[in-house]
Structures are given as C-alpha cells and as structure tokens.
Amino acid sequence: MLDYRCALAEWQVVRARLVRTRLGIWLLVLAAAAVALPGPGDASGAARVATRVGLLAATLAVAFGAGSDADQAALPLALTHPTTPAAVAIGRVLSAMVLADAVVLAVVAGFAWRHGEFGVRLAAAALAGIAAAAAGAGCALAAAWTAGNALVGALFVYFALLSALPPSGLAPLFGSHPLVAAGGVLLRVLPGTWRGAAFAAGDAGAWLHALAWAAGGTALGARRLGRRLA
Amino acid sequence: MTAPVLELRDVARAYARGRVRAVERVSLAIVPGEIVGLVGPNGAGKTTVLRLAAGLLAPDTGTVLALGGSPRTAAARRAVGYAPEGAVFPPALTVREVLGYYARLHAAGSRRGALVAEALALGELESVAERRAAALSRGQVQRLALAQAALGGRRVLLLDETLSGIDPVVRRALCERLARLARDGVAMLLASHDLAAVERLAGRVAVLVRGRIVRTAATAALLRERVLEIVLDRLPAEPPPGFRITAAGLEYDLGADSVEAALAVCRAHRLAVRASRVRLRTLEDVVLEALDAR
C-alpha cells in the first residue's frame, strides 16, 4: 500500500515535465508525424507504426522524466523519505507508460479518423503500441539510471531507425559476418519495432518479451538507484 | 534517562576503496529535544556523519541507530529528516509541488495539504511557493531543504549548513523555529561553519577533526570560560607558556587565574602590553584549539 502511494507520487514529477518542458511538444510532434506520414497500409503496418510510436514516446518520457542530470541528482533526497528505490522506479516507468500510451491511442485515433474505420485491425495496433510502450519505458529507465540520457538518446535512435529490421532480415542484407550475428542477437534481446506484427497478432512470446523488459528494466533501474545508497 | 533517538557507535567510513578515511570511530548519541552542533574544518567528515545518520551511506564498521533500529527502515525514514548542503530538487516542480511530492510519500489525502502548509511556513517559503525549484537562490534552496527535512513531523533533523547563505532576518526566524521544534522534542544534529548559529542553537557541541570527534561538551560550559586578549607593541617570536599568538598580540585562557597574574607573566617575558581586555570564549576558539591540538 505504501509503495503504491509512493509510486503514484512520481507521476507529479513526470506531469510537471510534460507541461513545463519540451516533452509535451516532442510527444505532439511524434503523434502528428505518425498520423500525417504515409498511411500504415496493411494490418501489420498499423501495428508497426503504433509500436514505433509507443517505443519512442516512452523513451522520450523517460529521458525527460527520469534521465536528466538534475532529476537524477534529486533522487537520493527522495530516498530519505518513506519510499523505496523500487517504488520510485515503478512510478517513473508507469508515468512514462501513461504518457506513451496516450500518444499511441491518439495516433490510432488519428488513423481511424484518417481512414474512416475503426476495427479489430486498429485495436490490435493500439495494443501493440501499449505493449511496446511498456517495454520501451522499462528499457529506457534502466539505460537512463545506468548511463544517463546519452544512452537513452542512442536507444531512441535505435528504436527510430534500426529496430524495424527483423533479425532474420539481417543476413540477406549484410551476409554472415560475426558483427551481423551480434546485431541479430541485439535485435532479439532489445525491444524493437519489428515485433509490432507479433504484438498485434497476440503472440505470447512477443508479449512476454515486452513484459520482461517492463519488469526487468524497472527492477534494474531500482537496483541502480538503490546502489546510490552505498 | 531518556533513550537516544539517534546513536552512532564507533562508526567508521572510508571512500576510494579505503584510501580516504572520512570518519573514524565516531560515537554520538542525541536525545529528544537536543540540538547538537557538529563543527570542524572543511573535510573533517561532518557531511559523512550526517549521511551515515540519514542512511544514505552505510558504515564500514560500527552501528548507526535511528529510533533504535537501522536508519534505512521505513519507520526511520518517516522519523529522520535530512537537509543536505546544496540540495537538488526536481527542477520542473514549484516549491509547493516539491513539498507536495514529499508530502505524498508521508501521508494520504487531505493531510497532505496541511503538511505542505506547515513546511512552507517552517522554511519561510510562502512568498516563493509558486516559483520553480530551478529558479531558487542558494538561501531559498537551503530553506526548502529544511522544509522537506522537517516535513511530516520528523523526530530527528540532520541539518548540513542549513543556516548558511541565508539573510540575517530569515536566519533569525529559522533559528527561532528550530528552537521551537527542539522544545517540542525534535532532536537535531546541526553541522555548520556558521559558529554563531551553532552557539545560539546547540545545547552541546561536538568538534570533528580529520574524521574523529576530538571534543564534546555542553555549549554553555565551553563558552563560559574567559579569554584574555592582549595587544602588544611587538609580537614575540615565542609566546609565554599557555599563551597563543594572535594577529594583534596574545590570547590566554584565564580559567581560575586573574588578569593581573596573566599580565605579570607578560611583563616577566619583557613584552610591552599596549592594551588588554577580557572576553568570553567563542566556538571559534574551541575549534581552533582543537585544530592546534591535532
């Protein structure tokens, strides 16, 4: 019960970031670009766009809401109050997820408005975006509290550009170099846009992967925060 | 006898894999309502002692007890507040929101508003309540640090240079509020270079030099002693036994001696006394003596 309330307290920090920094503008730009750019086409295309938006929005929300130097410098003082590293990490991840989910839903609503339809295809795309947002938020928090916003920036670029490529698509493009194999492993391990179709299709493996990143990233972030109490 | 609310027993802590010993065998106990001043030069280990007491650092050896248990328990965090020097707050939040954020960790529902209002009043922060934390002056940050430390009716306050960098009017008001908190039973460990504030507030003073407490005594007892200041025409190469050389001449702790006896010693050493006066000892004398003794 205590942790639940403490986790909710973190929303206040992220909400202030949303309305008083460029986070809100970036999220609006992201949503507008996703809706305005050429249409998602088939069912897997809509899911892929929603997945990318979920990942990017969650990464932005974490970068602004938890990753900045000033925010990180303020964390130890919070731990002198009756909260825990786990509650702080859960609160920051949930807050980022809420923002990212709102962007995903806005984008899907934009698709529905633009194409004059709302059916199972877009509902599945929305769910894919929500799953991606959870995975992206956990992954970005672990990155932010391990190596700061520089790593979160790298993650953002990866989600935006590289993660659309499925691991199976690397070899035909780049051959069988060991670096290509390593890239394939990275694509499998990290959250990525290429999982969008699997999310939309309800693939249990893809959903478990997202869940593992949401929970694991949060746990890793909490552990990093706890280690500041040396 | 009242049980201490905060106790450090033979606590040691080193940094840089043991190469830098910040604190060595520090023992200190504070009872409810007591204000203990922790004074010493830069790098003496004052902040480390406070961080150990707050549970932000773990001791290498020894024990830290807050309300009889570990300072890292939820109960201890509810009861022990820490106001660090140069505190950093979430920069996008206003002062009211910062306190609201911490209040949410202490209480649910309508009680939060009362906690925030109390904290704003304690820190004299009402006039800047809607200002963002990132836009606060150093003194305002110190006041916000104090306000969040006291938030939630804490029973122990760990204050690191909290009264430094604050204008005299607000400082006086804060001193009065801290004294009132102490009368209500709140214990405080006040680390400060502002020795006048420590003299004014602390009932007991611990002098920390190179990580060790070299002297602990009641402030009143320390400051009751008389010091003879002597202005000389020319400074001697060596002071007479028991005297200290100062910029203008000599100083002598009178103790039970008379002024005439001390001046006679000067004359016996062929020192030309231009003027002399007796003053009460200050905390600065105590700290400087402790440093000289080391």
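Modeller: Before we start, a definition: the radius of gyration here is taken over C-alpha atoms, and the globule rule is 2.2 Å times the number of residues to the power 0.38. Keep in mind that this is a predicted model.

Biologist: Thanks! So what radius of gyration does chain A have, and what would a compact globule have?

Modeller: Chain A has 18 Å, and a compact globule with 230 residues would be near 17 Å, so the two agree. Along its principal axes, the C-alpha trace of chain A spans about 50 × 45 × 30 Å.

Biologist: And how many helices and strands are in chain A?

Modeller: Chain A has eleven helices and zero strands.

Biologist: Let's look at H5(A) and H6(A). At what angle do they pack?

Modeller: Helix H5 (residues 85–115) of chain A packs against helix H6 (residues 120–147) of chain A at about 150 degrees, and their axes are 8 Å apart. Angles over 145 degrees count as roughly antiparallel, so H5(A) is roughly antiparallel to H6(A).

Biologist: Is that crossing left-handed or right-handed?

Modeller: Right-handed, as H5(A) passes H6(A).

Biologist: Which residues meet there?

Modeller: From H5(A), they include A:Val93, A:Met97, A:Leu105 and A:Phe111. On the H6(A) side, A:Leu122, A:Ile130, A:Gly136 and A:Leu141 are among them. The contact residues divide into 18 nonpolar, three polar and two charged.

Biologist: Switching topic, what pLDDT does chain B average?

Modeller: Chain B averages 92, with 99% of its residues scoring at least 70.

Biologist: And what ipTM and pTM does the complex get?

Modeller: The predictor gives an ipTM of 0.87 and a pTM of 0.87.

Key:
Residues are numbered from 1 along each chain as its sequence is written. Chains are lettered from A and ligands numbered from 1 in the order in which they are written. This is a predicted model: local features need pLDDT of at least 70, side-chain atom pairs count only at pLDDT 80 or more; totals for chains, interfaces and linings use all residues. Axes are lines fitted to C-alpha atoms, for helices over the stretch in contact, and angles run from 0 to 180 degrees between N-to-C directions. Helices (H or I, at least four residues) and strands (E, at least two) are DSSP runs, numbered from the N terminus. Angles under 35 degrees count as roughly parallel, over 145 as roughly antiparallel, 65 to 115 as roughly perpendicular and the rest as oblique. A crossing is left-handed if the near helix is turned anticlockwise from the far one by less than a right angle, and right-handed if clockwise. Two residues are in contact if their C-beta atoms, placed from the backbone, lie within 7 Å. Ala, Val, Leu, Ile, Met, Phe, Trp, Tyr, Cys and Pro count as nonpolar, Asp, Glu, Lys and Arg as charged, and the others, Gly among them, as polar. pLDDT is the predictor's confidence in each residue, from 0 to 100.
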